[in-house]
Amino acid sequence: MYIKQSIEQLAPYVPGIQPQMDGRVIKINANENPYPPSSQVQELLGGFDYAQLRYYPDATSQRLRQLIAAHYQLPSEHLFCGNGSDEIISYLFQVCFEEQDTIATPYPTYTLYKTIADIHRVHTEYVPTRDDFTIDTEALVQTGAKGIFIANPNAQTGLMLPLAEIEELLQRYDGLVVIDEAYMDFAPASASAIALVGKYPHLVVLRTFSKSYSLCGIRVGYSLADPALVHALDKCRDSYNVSLLSQLLAEAAFKDQTYLQRTIQWIVATRDRVAAALTELGFEVLPSEANFVLCKPVHGSAIDIYDYLKARQVYVRHFDAPRLSDKLRITIGTDAEMDVLLKYLHEFAEVRSTS
Ligand SMILES: *Cc1c(COP(=O)(O)O)cnc(C)c1O
């Protein structure tokens with residue numbers, strides 16, 4: 001075969017399972033949003049003239065860049081749009097790291113950083129989070145890595161790294177610092193590192209339309225960074241990396257900040273209610289600022305609960321990995337979906353205590 005050895009040996013990224021969605025399935029395993037996107041998205045799709053699809057899209061997603069930049073009060077030279085923020089992560093490896101370089105990232109975190117690093121033959125040094133899963137920025141700096149990737153709030157845990165600690169990191173470390181804010185819309189706005197873009201040229205902030213805007217399906221993400229880095233990303237990207245429809249739909253969704261804030265409030269309220277209910281049921285729940293909670297059953301094993309829920313068409317996420325295999329990651333769905341989940345968890349606890 002003609003496949004490079006490094007790719008043959010690569011462990012691929014494993015997403016949450018995508019069950020056939022019939023009416024009864026509750027899919028709370030991939031941190032997708034339970035609410036539909038803004039109605040502006042539907043309106044645009046309904047009125048869309050399909051003949052427009054014969055044209056190439058705007059190569060630089062200029063209107064979208066300007067819209068987002070204006071919202072964050074930054075010049076649009078700081079903005080870059082990608083086919084999902086995952087694509088931007090790939091470009092960062094093309095632009096910033098040589099083969100055999102090392103990046104550092106906390107453990108646990110989003111596993112895609114290592115997958116993409118592997119593809120580019122860049123080493124990943126995992127730095128364990130503390131016993132309470134908080135991120136140790138000093139230990140990340142101590143690795144001497146060429147770049148540091150931090151998901152904030154962190155993937156898998158939902159914990160947040162305070163902005164002051166990120167700024168301190170930026171002050172004493174001069175490698176590339178990537179702050180992946182895929183879940184930041186569910187946290188207080190004052191926690192975002194976007195406030196530091198423009199002040200630190202080695203900072204990249206990643207954002208996505210997938211989670212808070214409920215648009216996983218259109219694959220649009222963006223980054224905010226120094227104009228020189230944006231220029232380098234532009235040299236590396238596919239000529240038309242964001243599709244014409246995706247650009248238009250992302251613009252429509254972004255303009256509807258009222259709907260965004262409303263759905264975020266619903267999810268945050270549900271999250272806090274579910275966290276309290278899980279605690280009552282005897283789970284240890286990590287304090288989450290995201291649209292999911294990581295929790296550890298104190299009675300019964302995580303995998304038994306996972307199987308029990310799956311048999312009832314409720315799909316949560318279980319990671320067969322150190323410090324995670326005794327826990328479940330549960331995406332916050334609608335209140336009705338969470339009530340079904342909690343009902344089954346009650347049932348599971350009762351079956352256990354009577355058997
Ligand atoms: C979901 C997720 C992403 C992926 O975003 P896309 O824009 O859908 O590619 C990136 N980072 C983290 C931490 C995520 O959880």
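# Exercises on a predicted model

Proline 108 sits in the loop between strand 3 (102–107) and helix 5. The model is predicted, and the exercises below start from this loop.

## Exercise 1: Two peptide bonds

Task: Find what kind of peptide bond joins tyrosine 107 and proline 108, and what kind runs from asparagine 152 to proline 153.

Solution.
- Step 1. For the bond between tyrosine 107 and proline 108, omega is about -5°, and the bond is cis.
- Step 2. For the bond from asparagine 152 to proline 153, omega is near -5°, and this bond is cis as well.
- Step 3. Proline 153 belongs to the loop between strand 5 (147–151) and helix 7 (163–172).
- Step 4. As background, most peptide bonds are trans.

## Exercise 2: Positive phi

Task: State the phi of glutamine 73 and of glutamine 100, then place each residue in the chain and classify its exposure.

Solution.
- Step 1. Most residues other than glycine have a negative phi.
- Step 2. Glutamine 73 is not a glycine, yet its phi is positive, about 55°.
- Step 3. Glutamine 73 lies in the loop between helix 3 and strand 2 (79–82).
- Step 4. Exposed means over 50% relative accessible area. Glutamine 73 has 74% relative accessibility, so it counts as exposed.
- Step 5. Glutamine 100 also has a positive phi, near 80°, and is placed in the loop between helix 4 (85–96) and strand 3.
- Step 6. With 48% relative accessibility, glutamine 100 counts as partly exposed.

## Exercise 3: Salt bridges

Task: For the salt bridge of aspartate 234 with arginine 65, give the N to O distance, the elements that hold the two residues, and the exposure of aspartate 234 and of arginine 65.

Solution.
- Step 1. The closest N and O atoms of aspartate 234 and arginine 65 are 2.9 Å apart. The cut-off for a salt bridge is within 4 Å.
- Step 2. Aspartate 234 is in helix 8 (residues 227–236) and arginine 65 in helix 3 (residues 62–71). They are 169 residues apart, so the bridge links distant parts of the chain.
- Step 3. Buried means under 20% relative accessible area. Arginine 65, at 5%, is therefore buried.
- Step 4. Aspartate 234 has a relative accessible area of 21% and is therefore partly exposed.
- Step 5. A network of salt bridges links Arg65, Asp234 and Arg237.

Task: Describe in the same manner the salt bridge of aspartate 118 with lysine 114.

Solution.
- Step 1. Their closest N and O atoms are 3.0 Å apart.
- Step 2. Both aspartate 118 and lysine 114 lie in helix 5 (residues 112–119), four residues apart, which is about one turn of the helix.
- Step 3. Aspartate 118 is partly exposed at 23% relative accessibility, and lysine 114 is partly exposed at 29%.

Task: Describe the salt bridge of aspartate 339 and arginine 273.

Solution.
- Step 1. The two side chains meet at 3.1 Å, N to O.
- Step 2. Aspartate 339 is in helix 12 and arginine 273 in helix 10 (residues 257–280), 66 residues apart, and the pair links distant parts of the chain.
- Step 3. Aspartate 339 is partly exposed, with 40% relative accessibility; arginine 273 is partly exposed, with 34%.

Task: How many salt bridges does the count come to?

Solution. The count comes to 18 salt bridges.

## Exercise 4: Helix pairs

Task: Describe how helix 2 (residues 39–46) and helix 9 (residues 244–255) cross.

Solution.
- Step 1. The axes come within 8 Å and cross at roughly 140°.
- Step 2. Angles over 145 degrees count as roughly antiparallel and 65 to 115 as roughly perpendicular; the angle here fits neither, so helix 2 is oblique to helix 9.
- Step 3. The crossing of helix 2 past helix 9 is right-handed.
- Step 4. Helix 2 makes the contact with Gln40, Val41, Leu44 and Leu45, and helix 9 with Leu245, Leu248, Leu249, Ala252 and Ala253.
- Step 5. By class, this contact of helix 2 with helix 9 has eight nonpolar residues, one polar and no charged.

Task: Do the same for helix 11 (residues 302–311) and helix 12 (residues 335–354).

Solution.
- Step 1. Helix 11 and helix 12 pack at about 125°, with axes 10 Å apart.
- Step 2. The two helices are therefore oblique to each other.
- Step 3. Helix 11 passes helix 12 in a right-handed crossing.
- Step 4. From helix 11, Asp304, Ile305, Tyr308 and Leu309 meet Leu341, Tyr344, Leu345, Glu347, Phe348 and Val351 of helix 12.
- Step 5. The contact of helix 11 with helix 12 has eight nonpolar, no polar and two charged residues.

How values were computed: Residues are numbered from 1 along each chain as its sequence is written. This is a predicted model: local features need pLDDT of at least 70, side-chain atom pairs count only at pLDDT 80 or more; totals for chains, interfaces and linings use all residues. Side-chain values use heavy atoms; hydrogens and water are left out. Axes are lines fitted to C-alpha atoms, for helices over the stretch in contact, and angles run from 0 to 180 degrees between N-to-C directions. Angles under 35 degrees count as roughly parallel, over 145 as roughly antiparallel, 65 to 115 as roughly perpendicular and the rest as oblique. A crossing is left-handed if the near helix is turned anticlockwise from the far one by less than a right angle, and right-handed if clockwise. Contact means heavy atoms within 4.5 Å. Ala, Val, Leu, Ile, Met, Phe, Trp, Tyr, Cys and Pro count as nonpolar, Asp, Glu, Lys and Arg as charged, and the others, Gly among them, as polar. Buried means under 20% relative accessible area, exposed over 50%, partly exposed in between (1.4 Å probe, protein chains only).
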